[in-house]
Amino acid sequence: MISKIKVSLDSDLRRKYGVRSFPIVVGDIVKVSSGKRRGEGGKVVEVDHATGRVSIEGITIAKEDGKQTSLFLRPGDLRITKLDFSRDERIRKIKEIAAIKKITIE
């Protein structure tokens, strides 16, 4: 069984939802918090559960033949700045967690 990859939330989201980390999915907006790409960010394009890496739109690396390929980053180097709530199950889960911590979410 492949487990979900959890990524830390930005400090604003932590206060808003009362959650430190949340499973990342395609569509979330993230920011790189450490490494050479620190400060860069964008939309999550692919989540590879087998290797535990995340690909972000606009962050690429040049191959030897000159072609650009997606750079996969470790989830520990990322912070979620905006959650994608297009799936009802994610809204339900964050509301459940917030209710336990007595936080109201609109």
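**Exercise 1. Charges and surface**

Task: Work out how many positive and negative side chains the protein has, and how far apart the centres of the two sets lie.

Solution. Start with the count: there are 24 positive and 15 negative side chains. Then take the centre of each set; the two centres lie 6 Å apart. Keep in mind as you go that this is a predicted model. For the surface, the protein exposes about 7,100 Å², and carbon and sulfur atoms supply 48% of that area. On the inside, buried residues make up 30% of the 106 residues.

**Exercise 2. The layout**

Task: Find how many helices and strands the protein has, and give the order in which the elements run from the N terminus.

Solution. Count first: you should get two helices and seven strands. Now walk from the N terminus, and the order reads β-α-β-β-β-β-β-β-α. For overall dimensions, the C-alpha trace spans about 55 × 30 × 20 Å along its principal axes. Finally, take the contacts with a separation of 6 or more: residues 24 or more positions apart account for 47% of them.

**Exercise 3. The nonpolar core**

Task: Say how many residues the largest nonpolar core has and which of them have the most contacts inside it.

Solution. The general background comes first: in soluble globular proteins, nonpolar side chains tend to be buried together. Here the largest nonpolar core has 21 residues, and Ile24, Leu78, Ile80 and Leu83 have the most contacts inside it. Next, sort the core by element: β1, α1, β3, β4, β5, β6 and β7 each supply at least two residues. The top contributor is β5, which gives three.

Now zoom in on Ile80. Setting aside residues up to four places away in sequence, Ile80 touches Val7, Ser8, Leu9, Asp10, Leu13, Phe22, Ile24, Asp28, Ile29 and Val30.

**Exercise 4. Val30 from both sides**

Task: Decide whether Val30 is buried or exposed, then list what Val30 touches.

Solution. Place the residue: Val30 lies in strand β3. Its relative accessible area is 2%, and the cut-off for buried is under 20%, so Val30 is buried. For the contacts, skip residues up to four places away in sequence; you're left with Ile24, Gly41, Gly42, Val44, Ile56, Leu78, Arg79, Ile80 and Thr81. As a distance check, the C-alpha atoms of Val30 and Lys43 are 6.3 Å apart, with their positions 13 residues apart in sequence.

**Exercise 5. Aromatic rings**

Task: Search the whole structure for aromatic pairs and say how many there are. What geometry do Tyr17 and Phe85 have?

Solution. The search turns up one aromatic pair. It is formed by Tyr17 and Phe85, with 6.0 Å centre to centre and 75 degrees between the planes, which makes it edge-to-face. Tyr17 sits in helix α1 and Phe85 in the loop between β7 and α2, so the pair ties together parts that are 68 residues apart in sequence. Then check how covered each partner is: Tyr17 is buried at 6% relative accessible area, whereas Phe85 is partly exposed at 26%.

**Exercise 6. Ser55, Phe72 and Thr60**

Task: Classify Ser55, Phe72 and Thr60 by accessibility, then collect their contacts beyond four places in sequence.

Solution. Take Ser55, in strand β5. At 1% relative accessibility, Ser55 counts as buried. Its contacts are Lys43, Val44, Val45, Glu46, Ser70, Leu71 and Phe72.

Move on to Phe72, in strand β6. At 29%, Phe72 counts as partly exposed. Phe72 touches Glu46, Asp48, Arg53, Val54 and Ser55. The C-alpha atoms of Phe72 and Asp48 are 8.6 Å apart, with the residues 24 apart in sequence.

Last comes Thr60, in strand β5. Thr60 is partly exposed at 31%, and it touches Arg37, Gln68, Thr69 and Leu71. Between Thr60 and Leu71, 11 residues apart along the chain, the C-alpha separation is 4.9 Å.

**Exercise 7. A backbone angle**

Task: What is phi of Lys102, and where does Lys102 lie?

Solution. Recall that most residues other than glycine have a negative phi. Phi of Lys102, though, is near 60 degrees, a positive value. Lys102 lies in the segment after α2, and at 75% relative accessibility Lys102 counts as exposed.

Methods
Residues are numbered from 1 along each chain as its sequence is written. This is a predicted model: local features need pLDDT of at least 70, side-chain atom pairs count only at pLDDT 80 or more; totals for chains, interfaces and linings use all residues. Side-chain values use heavy atoms; hydrogens and water are left out. Helices (H or I, at least four residues) and strands (E, at least two) are DSSP runs, numbered from the N terminus. Buried means under 20% relative accessible area, exposed over 50%, partly exposed in between (1.4 Å probe, protein chains only). Contact means heavy atoms within 4.5 Å. Accessible areas come from the Shrake-Rupley method with a 1.4 Å probe; for residues, only the protein chains shown count as cover. Lys and Arg count as positive and Asp and Glu as negative; His and the chain ends are not counted. The place of a charge is taken as NZ of Lys, CZ of Arg, CG of Asp or CD of Glu. A nonpolar core is a set of buried Ala, Val, Leu, Ile, Met, Phe, Trp, Tyr and Cys residues joined through side-chain atoms within 4.5 Å. Rings of Phe, Tyr and Trp (its six-membered ring) pair if their centres lie within 6.5 Å; planes under 30 degrees apart count as stacked, over 60 as edge-to-face and the rest as tilted.
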